[in-house]
Amino acid sequence: MPGRKSGKRRKRRAYTRAVNYNWTNALISEQDTRLRPAADILEELAALGVTPDKTVITHCQTHRRSGLSYLFTKHLGFENVRCYDGSWFEWGNHPSTPVEQ
């Protein structure tokens, strides 16, 4: 059905220059889904090269999980945060978009 996000993907690679930080890493635990201390999350992100002075674009398969990443990066003081709501469903299924091998 046109416009429907089925979650099925054609490419199994990554965006060029993407950094992987799983949103669950920001949580205390599976049972305690509050955010961990800000300093801990900021330290992990900085180790990946993700710092508040950079532009951050959150994404996942269909933008359900990356929505939380958007919220907690804004909460941590990142000012230039955007969401790619088409996410991998759109990018990964388009035949001409570049991906890392």
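This section describes the fold, the confidence and selected residue environments of a predicted model.

The chain contains three helices and four strands, arranged along the sequence in the pattern β-α-β-α-β-α-β. Of its 101 residues, 31% count as buried. Contacts between residues 24 or more positions apart make up 68% of those with a sequence separation of 6 or more. The exposed area of the chain is about 7,200 Å², of which carbon and sulfur atoms supply 51%.

Confidence varies along the model. The mean pLDDT of the chain is 77, and 62% of the residues reach a score of at least 70. Residues 1-7 fall below a pLDDT of 50, and in the model this stretch forms nine contacts beyond near neighbours in sequence. A pLDDT under 50 also applies to residues 9-13, for which 16 contacts beyond four places in sequence are present in the model. Among the elements of the chain, the lowest mean pLDDT, 50, belongs to strand β1, spanning residues 14-15, whereas the highest, 96, belongs to helix α1, spanning residues 38-47.

The largest nonpolar core comprises ten residues, namely Y21, A26, I41, L45, V50, V56, F72, L76, F78 and V81. Within this set, L45 is in contact with Y21, V50, L76 and F78, when its neighbours within four places in sequence are left aside. F72, a member of the core, is also one of the buried residues of helix α2.

Helix α2 covers residues 66-75, and its buried positions are S66, S69, F72 and T73. Viewed down the helix axis, these buried residues fall within an arc of 120°, and they therefore line one face of α2. The face turned away from this buried side carries the exposed residues L71 and H75. After the helix comes G77, whose phi is positive, near 100°.

Two polar residues on the buried side of α2 were examined individually. S69 has a relative accessible area of 11%, and it is therefore classed as buried. Not counting residues up to four places away in sequence, S69 touches W23 and T58. The C-alpha atoms of S69 and T24 are 9.2 Å apart, although the two residues are separated by 45 positions along the chain. T73, also located in helix α2, has a relative accessibility of 4% and thus counts as buried. The side chain of T73 reaches the backbone oxygen of S69 at 2.8 Å, which links the two residues within the helix. Outside the range of four places in sequence, T73 touches F78 and V81, and both of these partners belong to the largest nonpolar core.

T58, one of the residues touched by S69, lies in strand β2, which spans residues 56-58. With a relative accessible area of 5%, T58 is buried. Its C-alpha atom is separated from that of N20 by 9.9 Å, with the two positions 38 residues apart in sequence numbering. V56, listed in the largest nonpolar core, falls within the residue range of the same strand, β2.

A contrasting environment is found at N25, in the loop between β1 and α1. N25 has a relative accessible area of 35% and is accordingly partly exposed. When residues up to four places away in sequence are not counted, N25 touches R36 and E44. The C-alpha atoms of N25 and L35, which are ten residues apart in sequence, lie 9.0 Å from each other in space. E44, one of the residues touched by N25, falls within the range 38-47 of helix α1.

Definitions and conventions. Residues numbered from 1 in each chain as written. Predicted model: local features only at pLDDT ≥ 70, side-chain atom pairs only at ≥ 80, totals over all residues. Heavy atoms only, no water. Helix = DSSP H or I, 4+ residues; strand = E, 2+ residues; numbered from the N terminus. Buried < 20%, exposed > 50% of the residue type's maximum accessible area, 1.4 Å probe, protein only. Contact = heavy atoms within 4.5 Å. Arc of directions from axis to C-beta. Areas by Shrake-Rupley, 256 points an atom, 1.4 Å probe, with all protein chains shown as cover. pLDDT = per-residue confidence, 0-100. Polar contact = N/O pair within 3.5 Å; in protein donor to acceptor, adjacent residues only side chain to side chain. Core = buried A, V, L, I, M, F, W, Y, C linked by side-chain atoms within 4.5 Å.
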